Structures are given as C-alpha cells and as structure tokens.
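Reader: Hello! I'd like a close look at one part of this model, so please take me slowly through its hollows, whatever you find there. I work at the bench, so plain words and clear cut-offs would help me a lot.

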Amino acid sequence: MATGSARDWVRRLQPYRQPDNRRSAFETVLTLSLLIGLWVLMWYALSFSVVLALMLSIPAALMMVRLFIIQHDCGHGSMFTTAKWNDRIGRALGVLTLTPYDYWRRSHAIHHAGSGNLDRRGVGDIDTLTVKEYLALSRFGRLKYRLYRHPLVMFGLGPAFIFMLEHRLPVAALKDGVMSWTSVMVTNLAIAAMWIGLGFLVGFKAFLIIHLPIMLIGASIGVWMFYVQHQFNPTEWDHAPEWEREHSALHGSSFYDLPKPLMWVTGNIGIHHVHHLSSRIPFYRLPQVLRDFPELAEIGRLTIWQSFRCVPLALWDEDRRRLVSFRMLRERVAAPAAAAA
C-alpha cells in the first residue's frame, strides 16, 4: 500500500475518534473492579495456599495491563472527551501502574511522532541499532547491546527495572521541566502511601506476596506487547527524508492477532498499526475498525506462534530492509571469509 493511501486511511478513520464517556467510564470501573476483586481473592487464598494465590496473580496482572492501556488512552486524549478528565484518570491510574503520567505521556508522544525514523530513536521505544552501527561498536559496546537485547533482560529484568526503579527517578524528567518532575514525585508519594496503607491493612509480608508478582508479571507482559508491536518482519525503518509518519505507522507497527479473550485483557493494543495511524481512536473502537475495513487485518499481521520468532531479532539491516538476529549477522559476515578460504 502506497504512502498516499496510508494518509488516506487517516481521513477514513476520522469517524472512529470520538470517545463515548459512558463507555469509557464503564471500561475503567469494570477493569479496576476486577483487579481489586482478584487482589482480595489472592489475600483470601493466602490462608489456604501461597501457590493458589500466585496462580491468581496472572489474571490480576492482566487486569493491571488493561488499566495501563486505559491510562495510555488517557495520555492520547482518546479515553474521555475533555482533557481534564483524561488527565485526572490518567494520573490516578499511574499510581496503580507505577507510571508517572505526565512524564510518560510526553515520552510516548515522542515515540509516536518518530516511530520507524532511524534519526529519531531512543525516546519511548526499544533501542534498536542498525547492522552498521553495531559493527562499529567496540567489543565492550557490542557486549552491552547483546546483554540489553537478551530475552532474560528484555522481558524479565528490564521490565522490573523500568517500572519499579527507573520510573521512580527518571533522569530525563529533570530535563522535561516542572510538570514532568512534579508528576514523578507526586506519583512516588502516592505509591508509597498506597503501599504502606495496604501493608498495614493485610500485613507487609502478605502485601509483597500478593502485589509484587502482579507488578512484575504485568510489567513483563506490557514490554512483550510493546516489543512485538514494533520488532517484527516485514517492518519499516527509514532515515529522513524517506521516512513518512503515516506510512511508518501503518507498515511499521504490527497487528498482533490474539484470541478475543487475550485481545480484551490487553485492551486491543495488538491492533497497533491502526492505533499508530490514528491514536485518538479509543481502544474499545479498534475492533470495529477491523470489522469495517477487513483489509487492514492483513497488514503486519502476527499470530502468537509467529510472534515468538520475533524474539531473536535485534538489528536493522539497511541493505536487506529487515530486522535480523545476531546469528544471522554472524553467518552473513562469515560467508565471505569462508568463500575466500
């Protein structure tokens, strides 16, 4: 599909951008109620079995992910019709998701404005080097990048670090101004108050057994979703002036075709190419877009099984215009030497 038609899609999707305040409020209250209900159920289950309580942390973590998507839509101004209510709800949910709303909203807006642009990487996205940039690194630089892209770091240690530590004192917030820094500090104080209050209510040991797995599992699921939405083949990365926002939004973001129950708990964020093309569409209207325009479901489609193949992808090959793994690069570099020998 040409860039012109990608731009045309923005116009065609205009009618879906209007949020329904009642529907938005219902989705928020429902998700929050389910999370609280599962949290209380985990507390009750602790009386019988720690294993049972930990098993319940998985659906609770999925509700936390869904709350993050609601906060995410508030940041785009797509959840409610007024900026006041988007910001109020977004800031409140940021306390639960451990995400300072105003700071995160700014970095995420930068991600949307430059997604797929090789000249605007590094803010609000997963660091991705080109093959040439990687080969130009020192041995230590390559080791650091390989560790960063290792699955145990990317989907385990990394998410825990981001949500538990980095969001508590993000260095970039100091440069963003008073609003971002205030958002971070107020969010931190509210988190501390909530956690201490819950600790006194149920006991600090029980609180950690209940809440820590929810946050860690939810963080890993969230990073996994973000990863497969941009680290897949075929995707689009370009330098300016070849890069164009609409084309990159449609073809540089995936459609993660999950089963309907998983699509619901993840707030339909798997329909990511449509979201990037028109970020003001509320998450609950995204499935309607695919029903009305089934041709969009064929662009960037990834099944669950196909998404696992995205894990090794770590470098953008500008010559082949696709993401490649370290192993593929090693084989490519070794081939000329073997031929010469």
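Pockets and cavities

Author: Happy to! The lining of the largest pocket is made of 24 nonpolar, 12 polar and six charged residues. In this sorting, Ala, Val, Leu, Ile, Met, Phe, Trp, Tyr, Cys and Pro are nonpolar, Asp, Glu, Lys and Arg are charged, and the others, Gly among them, are polar. Please keep in mind that this is a predicted model, where local features need pLDDT of at least 70, side-chain atom pairs count only at pLDDT 80 or more, and totals for chains, interfaces and linings use all residues. Residues are numbered from 1 along each chain as its sequence is written, while side-chain values use heavy atoms, with hydrogens and water left out.

The search runs on a 1 Å grid over the protein atoms alone: a cavity is a set of points where a 1.4 Å probe fits but cannot get out, a pocket is an open set with protein on both sides within 12 Å along at least five of seven lines, and a lining residue has an atom within 4 Å of a point. Points are joined across faces, edges and corners, and a volume is the space filled by probe spheres set on them.

The largest pocket has a volume of about 1,200 Å³. It is lined by 42 residues, and those closest to its centre are Gly 124, Asp 125, Ile 162, Glu 166 and His 167. At least two lining residues come from each of α3 (50-75), α5 (101-114), α8 (151-164), α9 (171-176) and α11 (204-228). Helices (H or I, at least four residues) and strands (E, at least two) are DSSP runs, numbered from the N terminus.

The second largest pocket has a volume of about 450 Å³. Here 18 residues form the lining, with Lys 260, Met 263, Asn 268, Pro 287 and Arg 291 closest to the centre. Helices α2 (21-45), α13 (260-265) and α15 (286-292) each give two or more residues to this lining. By class, the lining holds 11 nonpolar, one polar and six charged residues.

Asn 268 deserves a pause. It is found in the loop between α13 and α14, and its phi is positive, about 60°, although it is not a glycine. With a relative accessibility of 10%, Asn 268 counts as buried; buried means under 20% relative accessible area, exposed over 50%, and partly exposed in between (1.4 Å probe, protein chains only). Tyr 284 sits in the loop between α14 (272-277) and α15, and at 9% relative accessibility it is buried as well.

Helix α2, which helps line the second pocket, is worth a look along its length. Its 25 residues should span 36 Å at 1.5 Å a residue, and its end C-alpha atoms are 36 Å apart, which agrees; the expected span is 1.5 Å times one less than the number of residues. Its buried residues are Ser 24, Glu 27, Thr 28, Thr 31, Leu 35, Leu 38, Trp 39, Met 42 and Ala 45. An α-helix has 3.6 residues a turn, so residues three or four places apart point the same way.

Now for the enclosed spaces. The whole structure holds two cavities of 30 Å³ or more. About 100 Å³ of space lies in the largest one. Its lining includes His 111, Ser 115, Phe 226, His 230, Thr 235 and Trp 237, and Asp 125, one of the residues closest to the centre of the largest pocket, lines this cavity too. The classes come to three nonpolar, seven polar and two charged residues.

The second largest cavity has a volume of about 30 Å³. Lining it are His 112, Ser 115, Trp 243, Arg 245, Ser 248, Ala 249 and His 276, which divide into two nonpolar, four polar and one charged. Helix α12 (residues 245-251) contributes the most to this lining, with three residues. Ser 115 appears in the lining of the largest cavity and again in that of the second.

One last stop is the loop between α11 and α12, where Pro 234 lies. The peptide bond from Asn 233 to Pro 234 is cis, with omega near -5°. Pro 241 belongs to the loop between α11 and α12, and a cis peptide bond joins Ala 240 to it, with omega about 10°.
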